[in-house]
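This report describes selected features of one protein model. It turns to a helix residue, a surface patch and the nonpolar core.

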Amino acid sequence: RLGLGTIYVASIIWSGDYWAIRLGRIDATPWLMEGHLLLLIGDICFIGGYFLIRNFSRTRKEITIANRIDYQFLIYKSGLLLALLAFTLRVLQSIISLGGLGQIVGYVSDYGIPAGVFLMLSSCQRRNKHILHPQMLMALGLLGANIVTGLSSYMKSDLLISLFPLIFLIIDLGWRRKSLVTRRLGFSFWHFMLLGFIAYIFLFTISAYSELHRKSYWQNMSGTEIVITQEAKPEVLPDLIKALQGSVPGTKKFNELQHYPERGVWHMLNRLSVTAWAATSIKLVEISGTRPDSFFGAVLLSITPRILFPDKPQIVWGKEVAVELGQARSTDTARTATGLTMFGFLYWWGDYGFMMIAAVLSGAGFAFVYLVFLKDWRFNPVSALVIMILTYNGFHWKESDVLAGLPAYLYLLIVFLPMSVIVAKFMQRSIRRKTRA
């Protein structure tokens with residue numbers, strides 16, 4: 001983000017394609033250096049807060065229960081139950097509204113299948129199950145079905161989450177099977193190559209596929225207005241074949257789909273090149289000043305369930321930015337929510353000093369929640385779910401989180417920590433009962 005992304009922004013300035021990094025009506029190019037400095041200071045503060053907690057808790061180690069053979073089938077069953085629960089919630093969401101149950105439904109339905117499949121695959125691997133073993137086939141079947149579901153969406157995030165079981169398993173195997181030669185690197189050459197292949201497919205193939213498939217969901221009305229089509233979902237295979245053809249360097253399709261400055265992999269790089277976003281926040285503060293409301297009051301408002309506060313106002317900070325940038329006339333009619341990067345939003349809340357304090361709190365909070373659930377994530381389905389939530393959402397908190405991730409940290413601790421403790425005690429009690437028998 002501050003390396004290749006910065007070079008990309010410089011190339012945009014050199015080529016004159018300012019439209020690729022411009023947000024709305026505000027031209028923030030004169031503030032790009034200030035935006036870069038804002039992100040750099042924010043990153044330093046975030047990392048400082050993160051390592052403050054990590055170093056303070058350095059002696060904490062993961063529970064080694066996950067490596068015990070007598071636990072493996074129980075781990076498999078817990079992963080299967082979590083995946084089935086997530087699948088059931090997805091089916092119910094397509095039939096009835098579950099919005100009254102809060103954010104927990106979204107977390108479990110989105111991350112439950114990847115977390116459950118990871119536990120199932122990890123359990124089979126530790127017991128050396130053959131790939132044709134029924135338990136392994138069931139895990140691979142769930143993995144494949146979730147990947148197909150991810151492909152049916154034009155969102156790259158859906159597919160990335162569906163690939164988490166493979167990515168986590170490869171990293172886990174690399175750490176546990178490292179040799180003396182690769183001890184310093186963390187994992188072997190082949191694990192590194194496999195992760196590199198997944199990264200290449202995602203950057204070149206999936207980025208192009210997402211762009212192609214997205215066009216099938218949207219249509220132009222009167223040449224300007226864009227609305228979502230109400231027709232049946234488009235077929236996956238034609239767009240996927242085109243994307244695969246466009247990921248082979250040197251081909252005509254590759255040059256067509258991976259086109260500078262904003263197609264294919266360049267689009268991914270554009271999304272990571274958020275220097276102009278931070279520069280826009282500096283310009284917004286110069287025009288309108290910092291926000292008048294309380295940051296910590298907004299955090300409390302964000303985590304308060306609507307069932308306890310029926311008159312809770314709609315949270316529309318991203319839409320407010322869209323209005324400020326001229327992308328919408330009002331928050332009621334806005335169809336887009338614009339991000340300014342996490343540090344850009346914090347600067348909008350209270351200038352440099354407040355941004356630095358909040359960034360430290362954000363990094364410390366991220367590390368604290370991570371360490372709380374890290375100890376048993378290899379055998380506890382609830383902890384595995386939270387680790388995957390943190391892994392994915394960490395990317396988007398940097399891109400567009402308004403409140404430095406603090407509401408998410410508090411929510412994960414309040415809702416999932418008691419569940420994690422109960423599940424861990426139940427699993428340990430089941431093993432003791434089985435051992436005595």
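## Surface, patch and core

In this predicted model, Y200 has a relative accessible area of 30%; it is therefore partly exposed, since that class lies between the 20% limit for buried and the 50% limit for exposed residues. Y200 belongs to helix α8, which spans residues 189-217. Once neighbours within four places in sequence are set aside, the contacts of Y200 are T205, S247, P249 and F254. Between the C-alpha atoms of Y200 and V265 the distance is 9.6 Å, although 65 residues separate them in sequence.

I95 offers a second case of surface exposure. Its relative accessible area is 62%, so I95 counts as exposed, being over 50%. I95 is located in helix α3 (residues 72-95). Together with F87, V91, L92 and I96, I95 makes a nonpolar surface patch of about 450 Å².

The two accessibility values are tabulated below.

| Residue | Relative accessible area | Class |
|---|---|---|
| Y200 | 30% | partly exposed |
| I95 | 62% | exposed |

Attention now passes to the interior. The largest nonpolar core contains 117 residues, and the members that touch the most others are F295, L346 and F416. Helix α15 (residues 342-374) supplies the largest share of this core, with 19 residues. Which residues are in contact with F295, leaving aside its neighbours within four places in sequence? These are L346, W349, F354, V402, L403, A404 and L406.

Technical notes
Residues numbered from 1 in each chain as written. Predicted model: local features only at pLDDT ≥ 70, side-chain atom pairs only at ≥ 80, totals over all residues. Heavy atoms only, no water. Core = buried A, V, L, I, M, F, W, Y, C linked by side-chain atoms within 4.5 Å. Buried < 20%, exposed > 50% of the residue type's maximum accessible area, 1.4 Å probe, protein only. Helix = DSSP H or I, 4+ residues; strand = E, 2+ residues; numbered from the N terminus. Contact = heavy atoms within 4.5 Å. Patch = residues over 30% accessible without salt bridge, like charges linked within 9 Å, V, L, I, M, F, W, Y side chains within 5 Å. Areas by Shrake-Rupley, 256 points an atom, 1.4 Å probe, with all protein chains shown as cover. Salt bridge = Lys/Arg side-chain N within 4 Å of Asp/Glu carboxyl O.
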